[in-house]
Structure formats: C-alpha cells, structure tokens
Amino acid sequence: DMTSAGASGSNYLVATDNVSFIDLLRNRSVCMRMGATRLTGLQGNVTIPKQTATAATTWLANESTAITEGQPTLGQLALSPKHIGAYTEISRLMALQSSPDAETLVMNDLAQAVATAADLAGLAGSGASGQPTGIINTAGIGSVTGTTIGYAGMLEFQTDIGNALAPSCGYV
C-alpha cells in the first residue's frame, strides 16, 4: 500500500509547507524604559563630572553661632567603549530555499540577543572581560538582600531613593 508514511518511499511525495514561525519567548528590555541614557556617536573615552558629597550644614543655636564653611565634593565618572557581538552563518542554499526567510529570522535573533545581553550588562554587568559594570555592581549603589519582600522592605526602597524617582524610573 502507498501511504504518506509508507515504507515504499511514498512519503517522498508528501509536501511540507511551513505556514508560520514561533519565535522564542524572550525577556523584555528594561534599562531604556527605566530612563537609561545611551551615548551614541562617541569616538573615544568620555568623562562626566559628578557630585559625590554635599556641603556641610550647621544648625544655628543663635544669631551669633559661627557657620562651618563647606563645599560640595566633586568626582568624575570615566566611561570607555564596550563592544558586544553575535555571529551566525547561513549557507547560500539555506538562504535561497528557506521559508520563512532564514536570513530575516537570524538577523532578528541576533539583534534581540545583543539587545538582551546589553540590557543584562546594564543591570548586572561584572565590569570584567570587556563587559560594562552594571548598576548592581557599581560602587555606592545601595541594595537590599533577602528571600522575601515585605512592606518594611518596600518602605526601605522608597526611603533609600527619596525623591530621586523621575517619571520614567521604576523598580527592577
């Protein structure tokens, strides 16, 4: 008998059409949505001046109390270029015969893989092996550890950052 799964080779006559494509479920990028600034078009290293401490204040016991002089402390944030890459080879025949279009699928995958890796590095990059230093590994950035979060922990988050939340900022 000739059937679509037949041993006589009749299955070679059954055509297979790819009707769609199911993409990988991926993490959504959060750094840019949270207000990160991307510096583009730079050609060399960059430094950004920053304030690291505020001037001292003095409570006045009366109008003749001497005020201690103080000034803000300044520092500098040094930035250097970081590079990330991804690579996939597609044979010429695969590019010609694929349905859906293999080249488009691979280009989209590479773009999304690089974007996801850059997002992860922005949050938790180690600063080693060419990777940028992420927010949680930057000195002076506070953190809270634990296995559960309660109301007290949420209040601590809010008081740690005070009024620093811009409209595009949030918790990650």
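A salt bridge is taken here as a side-chain nitrogen of Lys or Arg within 4 Å of a carboxyl oxygen of Asp or Glu. The structure examined under this criterion is a predicted model.

The protein chain contains three helices and two strands, and from the N terminus on these elements follow the order β-β-α-α-α. Of the 172 residues in the protein chain, 9% are buried. The accessible surface of the protein chain amounts to about 14,500 Å², and carbon and sulfur atoms account for 56% of that area. Among contacts between residues at least 6 apart in sequence, 45% join residues that are at least 24 apart.

A search of the whole structure returned two salt bridges. In one of them, Asp23 is paired with Arg26, with the closest N and O atoms 3.5 Å apart. Arg26 also forms a salt bridge with Asp109, where the closest N and O atoms are 2.6 Å apart. Arg26 lies in the segment before strand E1 (46-53) and Asp109 in helix H2 (residues 102-124), so this pair ties together parts that are 83 residues apart in sequence. Asp23, Arg26 and Asp109 are thus linked in a network of salt bridges. Each member of this network is partly exposed: the relative accessible area is 42% for Asp23, 22% for Arg26 and 31% for Asp109.

Helix H2, which supplies Asp109 to the network, was examined further. The helix comprises 23 residues, for which a rise of 1.5 Å a residue predicts a span of 33 Å; the end C-alpha atoms are 32 Å apart, in agreement with that expectation. Buried positions in H2 are Ala102, Val106, Leu110, Asp119 and Ala121. An α-helix has 3.6 residues a turn, so residues three or four places apart point the same way. The cover over the buried residues of H2 includes helix H1 (92-97).

Asp119, also located in helix H2, contrasts with Asp109 in its surroundings: Asp119 is buried and has no salt bridge, whereas Asp109 is partly exposed and is bridged to Arg26. The nearest side chain of opposite charge to Asp119 is that of Arg33, at 7.1 Å. Because a salt bridge requires the nitrogen and oxygen to lie within 4 Å, the separation of 7.1 Å between Asp119 and Arg33 does not meet the criterion. Apart from residues up to four places away in sequence, Asp119 touches Arg28, Ser29, Val30 and Cys31.

The loops around the helices were considered next. Between H1 and H2, the loop includes Pro100, which is joined to Ser99 by a cis peptide bond with an omega of about 5°. The loop between H2 and helix H3 (151-161) holds Pro132, a partly exposed residue with a relative accessible area of 30%. Pro132 and Ala121 are 11 residues apart in sequence, and their C-alpha atoms are 6.2 Å apart in space. Ala121 is one of the buried residues of H2 and is also in contact with Pro132. When neighbours within four places in sequence are left aside, the other contacts of Pro132 are with Lys82, Gly125, Ser126 and Gly127.

Ser129 lies in the loop between H2 and H3 as well. Its phi is near 55°, a positive value in a residue other than glycine. Ser129 is exposed, with a relative accessible area of 81%.

His83 occupies the loop between strand E2 (73-79) and H1 and is exposed, at a relative accessible area of 72%. The C-alpha atoms of His83 and Gln131 are separated by 7.9 Å, although these residues are 48 positions apart along the chain.

A nonpolar patch on the surface is formed by Leu39, Leu42, Ile48 and Leu77, which together present about 330 Å² of accessible area. Within this patch, Leu77 is contributed by strand E2 and is partly exposed, with 38% relative accessibility.

Terms used. Residues are numbered from 1 along each chain as its sequence is written. This is a predicted model: local features need pLDDT of at least 70, side-chain atom pairs count only at pLDDT 80 or more; totals for chains, interfaces and linings use all residues. Side-chain values use heavy atoms; hydrogens and water are left out. Buried means under 20% relative accessible area, exposed over 50%, partly exposed in between (1.4 Å probe, protein chains only). Helices (H or I, at least four residues) and strands (E, at least two) are DSSP runs, numbered from the N terminus. Lys and Arg count as positive and Asp and Glu as negative; His and the chain ends are not counted. Contact means heavy atoms within 4.5 Å. The expected span of a helix is 1.5 Å times one less than its number of residues. Patches are made of residues with over 30% relative accessible area and no salt bridge: like charges are joined within 9 Å, nonpolar side chains (Val, Leu, Ile, Met, Phe, Trp, Tyr) within 5 Å. Accessible areas come from the Shrake-Rupley method with a 1.4 Å probe; for residues, only the protein chains shown count as cover.
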